[in-house]
Amino acid sequence: MTHTSILPRLILMLFMATCTSISILAQTFGKHFNEATLRIDYIFAGNNYSQNIYLDRMKTFSGWYGRRTNMDILPLRGNGNITVTDITGADTLYTHSFSTLFQEWQSTEEATKVGRSFESTLLIPMPKEKVQVSVELKNMHNGSKSCLKHTIDPSDILISTHNEKKTTPYRYLHKAGDSKKKIDIVFIPEGYTAEEMEQFGKDCQESIESIFRHRPFNQLKDRFNFIAVDVPSEHSGVSVPRNKIWKETATGSHFDTFYSNRYLTTPNIKKLYDILDGIPCESIIILANTNEYGGGGIYNNYMLSASRGPAYKSVIVHEFGHSFAGLADEYFYDDQYVTMYPAGIEPWEQNLTTLTDFGSKWKDMLPQGTEIPTVADGKDRYTKVGVYEGGGYQSKGVYRPAQDCRMHTNQAPDFCPVCQRAILRLVDFLTEED
Ligand SMILES: [Zn+2]
C-alpha cells in the first residue's frame with residue numbers, strides 16, 4: 001500500500017475561475033521555440049481553502065526533451081496545468097498537466113490550522129518571442145481554484161543560464177534512441193554514498209527490468225530511454241522522522257509525509273531540479289537506499305520508492321503508474337469513508353469512474369451483459385474487466401476496472417487491461433511522429 005494521498009480530504013471551497021479558455025491550434029515546434037528548456041520555479045502556498053501561486057526564478061539550458069507533437073493538447077487533465085500562449089493569449093503553443101503534493105496537503109488536518117508553501121518547478125520549451133504563461137491549480141470539483149498569469153520575455157536578462165560544465169554526470173542505462181524523440185526517464189540516487197554508487201546502478205537495472213516485465217511496457221522498450229545520474233549523498237539511507245533519524249541526502253527526502261509512516265516524499269523540488277539542469281528528463285524516479293517499506297508518486301512531478309526490501313520491485317512499478325501514467329490508486333478502505341472522488345464528478349484518472357461519464361472511460365471494454373456494479377467473484381481477478389465498487393480510497397461511489405491490478409495490490413502480477421490501455425495511449429500520444 002503506497003499512496004498519492006492518504007488522508008481524508010476536506011471539501012475545498014470553490015474559488016472563481018480566473019483563467020480563460022484558449023483556442024487550440026496545431027503548432028510547429030520550431031516556429032515558436034528554440035532548442036532549449038526554460039525552467040520556471042514557482043511557490044504554491046495556502047491553507048485548506050486558499051491557494052496562491054508565486055513566480056520564483058527562471059533559468060535556461062540547451063536542449064528540449066519534452067514532446068514536440070500534440071503540443072497544444074493535454075493527454076490527461078491532472079490537478080493543474082501550465083499553458084504557454086502567444087502574447088495575445090489567442091493561440092496555445094504548449095500545455096502540460098501535473099499534480100502536486102501541495103494539493104494533497106490541502107486536504108490534511110494541518111492545512112486547517114496553518115498556511116504552508118511548497119516548491120514547484122515546471123519546464124517549458126524556450127520561447128522565441130514574448131509569450132504569456134498561465135499556471136492553474138484545480139480543485140476536486142474540476143474548477144480552476146487559482147491561476148497565475150505572467151509574461152515571459154526570452155531576452156529578460158534575469159533569466160539565468162546553466163553552466164553546462166556543471167551538469168551532473170549522467171549515463172544512459174537503456175537507450176532506445178535520440179532523447180528528442182524518446183521518453184527520457186531519469187533515476188536519481190537518494191541516500192547512496194559515493195561507495196554505494198555501483199549498488200545504485202544495479203538497483204536502476206532491476207527497476208528497469210521490473211517496469212519492462214509489466215504489460216504494456218514490455219512492448220514499448222523502443223520508446224523509452226533510462227538515464228542514471230551520479231549524485232552521491234553524504235549519508236547512506238534516508239530520513240525517518242518518527243525514529244528521529246535525519247540524514248544528509250541528495251534530495252533531502254523523508255518518510256512520514258503528512259505524518260503517514262509510509263509516505264516517502266521530498267519537499268526540496270528546487271534541489272531536485274538543480275541536479276537535473278541540462279539533463280534530458282521527462283519523468284523522475286528517485287530511488288531511496290532503504291529497506292523501509294514506502295514510496296509516493298505524483299503525476300508529472302516525481303516518484304520516490306524504497307529500493308531495498310522484498311516488495312520494492314512492485315512498489316516501483318506502482319508508483320511509476322502514478323507519476324508517469326497518471327493512474328489512480330485502485331485500493332480502498334473498508335473501515336473509513338473518505339471523499340477524494342465526490343459523486344457527480346468524473347475523475348480524470350483513466351482507471352476510476354464515479355459513473356458520471358463512464359462512456360469516457362472503459363465502457364467500450366466491458367464484455368456484453370456485464371452487470372454494473374459487477375460482483376467480484378474471485379475468478380480472472382486481473383483480466384476480467386467490469387465495474388467493481390471500491391477504489392480511490394473509497395469503498396462506496398467509486399468503481400475500478402478489475403478485481404485486482406498493480407494499482408491495487410503488490411501481489412497483482414500486472415496492470416489490469418484498462419490501466420494497460422491508458423498507458424499505451426499515453427505513450428503513443430507522447431511519441432507520435434509528425
Ligand atoms: Zn488497473
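Which residue of β5 is the bridge partner of F44? To find out, open this predicted model and begin with the sheet that contains β5.

**Stop 1: the four-stranded sheet**

Select β5, β1, β2 and β8, which form an open sheet in that order with mixed pairing. Its edge strands are β5 and β8 (160-161), each of which pairs on one side only. Display β1 together with β5: the two run antiparallel and are joined by 11 bridges. Among the residues of this pair, F44 has F118 in β5 as its bridge partner, which settles the opening question. Now add helix α4 (residues 269-276), which packs on the sheet and touches β1 and β5. The direction of α4 makes about 30° with that of β5.

**Stop 2: strand β3 and its two partners**

Next, select β3 (residues 80-86). Six of its seven residues are buried, so the strand is largely enclosed by the rest of the structure. Strand β4 (residues 92-98) pairs with β3 in the antiparallel sense over six bridges, and F98 in β4 is the bridge partner of G80. Five residues lie between the strands of this hairpin, where G89 takes a positive phi near 85°. Strand β6 (residues 131-138) also runs antiparallel to β3, joined to it by seven bridges. To locate this pairing, label V84 and its bridge partner in β6, V133.

**Stop 3: the contact between domains 1 and 2**

Colour the chain by its domain assignment, which gives domain 1 (29-161), domain 2 (167-329) and domain 3 (331-341 + 366-416). The centres of domain 1 and domain 2, taken over C-alpha atoms, are separated by 23 Å. Between these two domains, 21 residues of domain 1 are in contact with 19 residues of domain 2. On the domain 1 side, at least two residues each are supplied by β1 (33-46), β2 (51-62), β4, α2 (101-105) and β5 (116-127). The largest share of that side comes from β5, with four residues. By class, the side of domain 1 that touches domain 2 comprises seven nonpolar, 10 polar and four charged residues.

**Stop 4: the six-stranded sheet**

Now select β9, β11, β10, β12, β14 and β13, which in that order form an open sheet of mixed pairing. At the edges stand β9 (170-174) and β13 (295-298); each has a single partner strand, so one side of each is left without a neighbour in the sheet. With direction ignored, neighbouring strands of this sheet are turned by 25° against each other on average.

Focus on the β13 edge. The partner shown here is β14 (residues 302-306), paired with β13 in the antiparallel sense over four bridges. Label G295 and S305 of β14, which stand opposite one another. Then bring in helix α5 (residues 312-323), which lies across β12 (283-288), β13 and β14. Relative to β14, α5 runs at about 170°.

**Stop 5: the largest nonpolar core**

Finally, which residues have the most contacts inside the largest nonpolar core? Select V186, F187, I188, V229, I285, I286 and C419; the core as a whole has 98 residues. Centre the view on F187 and set aside its neighbours within four places in sequence: the residues in contact with F187 are then C204, F226, I227, A228, V229, I285 and L287.

Technical notes:
Residues numbered from 1 in each chain as written. Predicted model: local features only at pLDDT ≥ 70, side-chain atom pairs only at ≥ 80, totals over all residues. Core = buried A, V, L, I, M, F, W, Y, C linked by C-beta atoms within 7 Å. Buried ≥ 20, exposed ≤ 12 C-beta atoms within 10 Å, placed from the backbone. Contact = placed C-beta atoms within 7 Å. Pairing = 2+ DSSP bridges. Axes fitted to C-alpha atoms, helices over the stretch in contact; angles between N-to-C directions. Domains from an automatic or database assignment. Nonpolar A, V, L, I, M, F, W, Y, C, P; charged D, E, K, R; others polar.
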